[in-house]
Amino acid sequence: MVNHLKTALLMMSVLLVACATPTKTPISLYDEIGGQPTIEAITDNFIDEISFNKDIYRYFEKTNITRFREKFIEHLCVDTGGPCTYTGDTMLKVHQGQKITETDFNLTVDLLVNAMKKAGLTYAQQNRVLKVLAPMRGEMLYK
Amino acid sequence: MRGKHIKTVMVGGIFLCATPIMAAEGKLLATAGLSQLEGSGGGGLVPWATLAGYDSRDETAASLFITDVNVTDYRLTSMGVATSLYDRVELSYTQQTFVLPASLVTGLSLDSEEIKQDVIGVKVRLYGDAVYSLYPQVSVGLQHKQLDNDFVASYLGAKDDSGTDFYVAATKVHLGAVAGYNLVWNLTARATKANEMGLLGYGGPDNSGYQVMMEGSIGLLLSPNWVVGMEYRQKPSNLSSVEEDDWKDVFVSYMPNKNVNFTAAYADLGTVATQKNQKGVYLSMTGYLW
């Protein structure tokens, strides 16, 4: 009997804790995926993916990779709701003149997905990152 | 003969799995969709706005498919080829073989237990990209169908042994929409005279003009390779002699790569040519040649 009561109380407290959780302010995607270290890991993995893909690397042959890394981290941080400021050029300016085809764009999305997977993001988290990035496609394609 | 065709397609499919380098890869995985019963790119029952291939606007694609629907009293096999050009135009050719139950064959003293129908499809993408554009991707298409033998159709009172369906379809993928999982939906409006997709002819005593039917699909991508969903296809009822019901199914699709996909579904076709409660398994495979 006492045992039952204890179990019931324990269950009750677990339920109350469960009730309390949603009232906290929702954490940003940035925090959920692990903050700055994860953003940096995604970026480093992405650079790695690009450097081993000859179709995509040709767009980066003249790129200053140190600067690219820094600005990409800032951008991804801002996109996912992190505490950063983007100090780079607009997406249009960055991609203009490169004549990026749809095939290469989608291939690069695949590389970014690989980079996120390697950084430990779940499938759902990968989708949510892509969702924030997707609207920028118009400034990248065939410019 | 039919068995031989199936074998050829199956062997072709296995061959495709083994040669991944040939495929057009310009679209994201799963965005080529599946092969629809009448050969158009789509879901299983419903043609979608997406085209039947992984071609981007700089590429072409070609695919072949086989679908087998095995319900209580009937069996339908659909086999076809489709090509998609620059993510703009889709052309398809499909042969459907509808196998009737022995009771109907003897009852009507039919020469053959099979009704065959050829379907030629054309689809044009008018607007958008299902994944990236703000509004859904929109396409228009037609499916021209011809029965090889009109005996059953005319016996039941159908007016014609051939007909053309016209449709407009809208498809949208919402990234991360359901707890982070991608949601895809499609809505299609089809103008048609077809009785049971045309297998029982076109038009009839109750109605011989075009009617607009609504068709819809919804799916959830559980991973990059697995999709679950359901479909609904409204149907006209032109023949007073045989009742016709709307079709529905629940499906699961597996897309291991951009060369092949497999779909299994549970379909409920209602009453088909006097036989009630036609439910059963729908199996389909698409192989992408390039």
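## Helix α8 and its cover

The buried residues of α8(A) are Gln125(A), Gln126(A), Asn127(A), Arg128(A) and Val129(A). The model is a predicted one. Both chains help to cover these buried residues of α8(A). From chain A, the cover includes α2 and α7. From chain B, it includes β8 (162-178) and β9 (181-192).

## Contact between chains A and B

Chain A gives 14 residues to the contact, and chain B gives 16 residues. On the side of chain A that touches chain B, α7 and α8 (123-133) each supply at least two residues. The largest share of that side is from α8(A), with seven residues. By class, the side of chain A that touches chain B has five nonpolar, five polar and four charged residues.

## Helix α5

Helix α5 of chain A covers residues 65-79. Does its length fit the expected or depart from it, and what are the values? At 1.5 Å a residue, its 15 residues should span 21 Å. The end C-alpha atoms lie 20 Å apart, so the span agrees.

Four residues of α5(A) are buried: Phe72(A), His75(A), Leu76(A) and Cys77(A). Among the elements covering them are α2 (29-33) and α3 (35-51) of chain A. Just after α5(A) comes Gly81(A), which has a positive phi of about 85°.

## Packing of α3 on α5

The axes of α3(A) and α5(A) come within 9 Å. They cross at roughly 135°. This angle makes α3(A) oblique to α5(A), because it lies neither over 145 degrees nor between 65 and 115. The crossing of α3(A) past α5(A) is right-handed.

On the α3(A) side, the contact is made by Ile39(A), Glu40(A), Ile42(A), Thr43(A) and Ile47(A). On the α5(A) side, it is made by Ile65(A), Arg69(A), Phe72(A), Ile73(A), Leu76(A) and Cys77(A). The classes are eight nonpolar, one polar and two charged residues. Phe72(A), Leu76(A) and Cys77(A), which belong to this contact, are also among the buried residues of α5(A). Residues three or four places apart in an α-helix point the same way, because each turn has 3.6 residues.

## Packing of α3 on α7

Helix α3(A) also packs on helix α7 (residues 102-118) of chain A. The angle is about 135°, and the axes are 8 Å apart. Here too the angle makes the pair oblique, α3(A) to α7(A). The crossing of α3(A) and α7(A) is right-handed.

From α3(A), the contact takes Ile42(A), Asn45(A), Phe46(A), Glu49(A) and Ile50(A). From α7(A), it takes Leu111(A), Leu112(A), Asn114(A), Ala115(A), Met116(A) and Lys118(A). Seven residues of the contact of α3(A) with α7(A) are nonpolar, two are polar and two are charged. Ile42(A) takes part in the contact with α7(A) and in the contact with α5(A).

## Met140 after α8

Met140(A) sits in the segment after α8 of chain A. Is Met140(A) buried or partly exposed? With 18 other C-beta atoms within 10 Å, Met140(A) is partly exposed, because a buried residue needs 20 or more.

Which residues does Met140(A) touch, leaving aside its neighbours within four places in sequence? They are Met91(A), His95(A), Ile100(A) and Phe105(A). Met116(A), part of the α3(A) contact with α7(A), is 24 residues from Met140(A) in sequence. In space, the two are 20 Å apart, C-alpha to C-alpha.

Notes: Residues numbered from 1 in each chain as written. Chains lettered and ligands numbered in written order. Predicted model: local features only at pLDDT ≥ 70, side-chain atom pairs only at ≥ 80, totals over all residues. Expected span 1.5 Å × (residues − 1). Buried ≥ 20, exposed ≤ 12 C-beta atoms within 10 Å, placed from the backbone. Contact = placed C-beta atoms within 7 Å. Axes fitted to C-alpha atoms, helices over the stretch in contact; angles between N-to-C directions. Parallel < 35°, antiparallel > 145°, perpendicular 65-115°, else oblique. Left-handed = near helix turned anticlockwise from the far one by under 90°. Nonpolar A, V, L, I, M, F, W, Y, C, P; charged D, E, K, R; others polar.
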